[in-house]
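Let's walk through this structure together, one group of side chains at a time. Keep the viewer open as you read.

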Amino acid sequence: MKIYLVLACFVAATGGFLFGFDTSVISGAIEYLQAPSVFNLNEFQKGWAVGCILIGCMVGCVFAGPFSYKYGRKKSLLFSAVLFFISAVGCALSNSYQVFNIYRMIGGVAVGAASMLAPIYIAEISPAKHRGKLLTLNLFAIFLGQSAAFYTNYLLKDVGGIDNWRYMIGVEAIPAFILFVLLFFIPESPRWLLESHKSGLALRILKKLNNEEVAITEFAEIQDSISRSEKKKLIELFSGKIFKVLLIGCALAIFQQITGINIIMYFAPSIFKAAGFSQDSALFQTAIMGTVNLTFSVLAMVFVDKVGRKPLMIIGSIGMGISLVLLSLTFILDLTHGYLVLFCIMGFLASFGFSLGPIVWVLIPEIFPNHYRSMGVAVSIFIMWGANFLVSYTFPILLKNLEGYAFFIYAAMCFLCLIFVIKYLKETKGKSLEQIEIEFIG
């Protein structure tokens, strides 16, 4: 792989870092925000403060698709970097619950845009034999952002007194500014350039990203794909063979969320406190979680292009389901003392980081044809954020009323995901985007 290709993917993946940081930083801050001396939140307000960002995510997905189709992936990523910065500063300076939520939703628009733009961009500039590992780089960045949020939450817990949450959230402005600057140094997607009738520039960029032989081959394949396609409308996604692809994309997106990852990432300190840990200890255990997630996402990067997407999804679904069943039993049987809860959560995160975490982000941009990719990914990620919101908003209520039994619900979703993967998922390892298009829709 050329260094230029890796660096371009790394910069795009910085959007994933901010996505991970922005969605996870609330896990530590929320325990301080709900205090009587700050916003004095009840369980419903707590769920909304955590989940409102996901409304913004859904909005971001809706607008990022057509915006990136018209103006390009690079300009769209630049705009999301600006929104990340505004959200971080705005949340940190908020003096009311309502204002805080408005800036959280602005951050959500940025997260929604970045969550679809970064994988699309990486998929479109990557050669087939390296695309899996380069796409998992985006997921690695998401996990790195989550881990960074957990550690900064822990390190900043004693800074600023009752205003410590302002520092926890406001520190995100630094990587947002860095992303904005770095984006000026990466190329536009050559596939988007060809669709925009800028073939000369597209070929020059392909040659910078790959060796000349690969560049010329990919250029010809992309041109052929585009010549056989007409400009598509959103409504066309819901008919014919492409609708089956959309259903697969949406199902993957839903399973990634309803299997329980964000009940762990957003509410880990609450879970640890429910298990009897102190606030400081809960924050520290959450920081350790981020490291486990990060470690297994690296393993996924190693195996995704060797073992394939489908085997990893099968292994991960089984591991996640078993871990959640055990976690549920620790609460039901009152075995939460010691580190058994931490062990179950780490098992879940290891399984997710090795499978659904990175593989769903690899598959969704892979399975849609060139002319449908922006719209298809946008709809799939929109559905993903909707499922995320539903899970995040309802979990505090389920945990309070069902206690340990709540985790059985998410375990059942893991086993449903396993059935779906075995029955409906096709392997895409080692195939170009154009080859995958032919396999899925002819």
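Both F331 and F407 are buried, and they make a good starting point in this predicted model. Their ring centres lie 5.5 Å apart with the planes at 35°, so the pair is tilted. The two rings tie together distant parts of the chain: F331 belongs to helix α15 (residues 309-332) and F407 to helix α19 (residues 406-424), 76 residues apart.

Now look at Y405 and F408. Here the ring centres are 6.4 Å apart and the planes meet at 45°, so this pair is tilted as well. Y405 is partly exposed because its relative accessibility is 49%, and F408, at 33%, is also partly exposed. The model has 21 aromatic pairs by the ring-centre rule. Elsewhere, F39, Y97, F100 and W165 come together as one aromatic cluster. A charge joins a ring too: K157 sits over the face of Y154, 4.6 Å from the ring centre.

Next come the charged pairs. Side chains of opposite charge can pair when their charged atoms come close. The count of salt bridges is eight. One of them joins R309 and E366, whose closest N and O atoms are 2.5 Å apart. This pair also links distant parts of the chain, with R309 in helix α15 and E366 in helix α17, 57 residues apart. R309 counts as buried at 0% relative accessibility, and E366 is buried at 0% too. Through shared partners, salt bridges connect R131, D305, R309 and E366 into one network.

E366 leads us to helix α17 itself, where 12 of its 12 residues are buried; among them are W361, P365 and E366. Does the length of this helix match or miss what its residue count predicts? At 1.5 Å a residue, the 12 residues (356-367) should span 16 Å, and the end C-alpha atoms are 16 Å apart, so the two agree.

Another salt bridge connects E124 with R373, the closest N and O atoms being 3.4 Å apart. E124 lies in helix α5 (residues 97-125) and R373 in helix α18 (residues 370-402), 249 residues apart. E124 is buried at 2% relative accessibility, and R373 is buried at 0%. E124 is also one of the contacts of R73, a residue of helix α4 (residues 73-92). R73 counts as buried, with 0% relative accessibility, and its other contacts beyond four places in sequence include Y121, E188, W192 and S374.

For a contrasting setting, turn to E212 and K207, a salt bridge with its closest N and O atoms 3.8 Å apart. E212 is partly exposed at 47%, and K207 is partly exposed at 33%.

Methods. Residues are numbered from 1 along each chain as its sequence is written. This is a predicted model: local features need pLDDT of at least 70, side-chain atom pairs count only at pLDDT 80 or more; totals for chains, interfaces and linings use all residues. Side-chain values use heavy atoms; hydrogens and water are left out. Helices (H or I, at least four residues) and strands (E, at least two) are DSSP runs, numbered from the N terminus. The expected span of a helix is 1.5 Å times one less than its number of residues. Buried means under 20% relative accessible area, exposed over 50%, partly exposed in between (1.4 Å probe, protein chains only). Rings of Phe, Tyr and Trp (its six-membered ring) pair if their centres lie within 6.5 Å; planes under 30 degrees apart count as stacked, over 60 as edge-to-face and the rest as tilted. A charge sits over a ring if NZ of Lys or CZ of Arg is within 6 Å of the ring centre and within 35 degrees of the ring normal. Contact means heavy atoms within 4.5 Å. A salt bridge is a side-chain nitrogen of Lys or Arg within 4 Å of a carboxyl oxygen of Asp or Glu.
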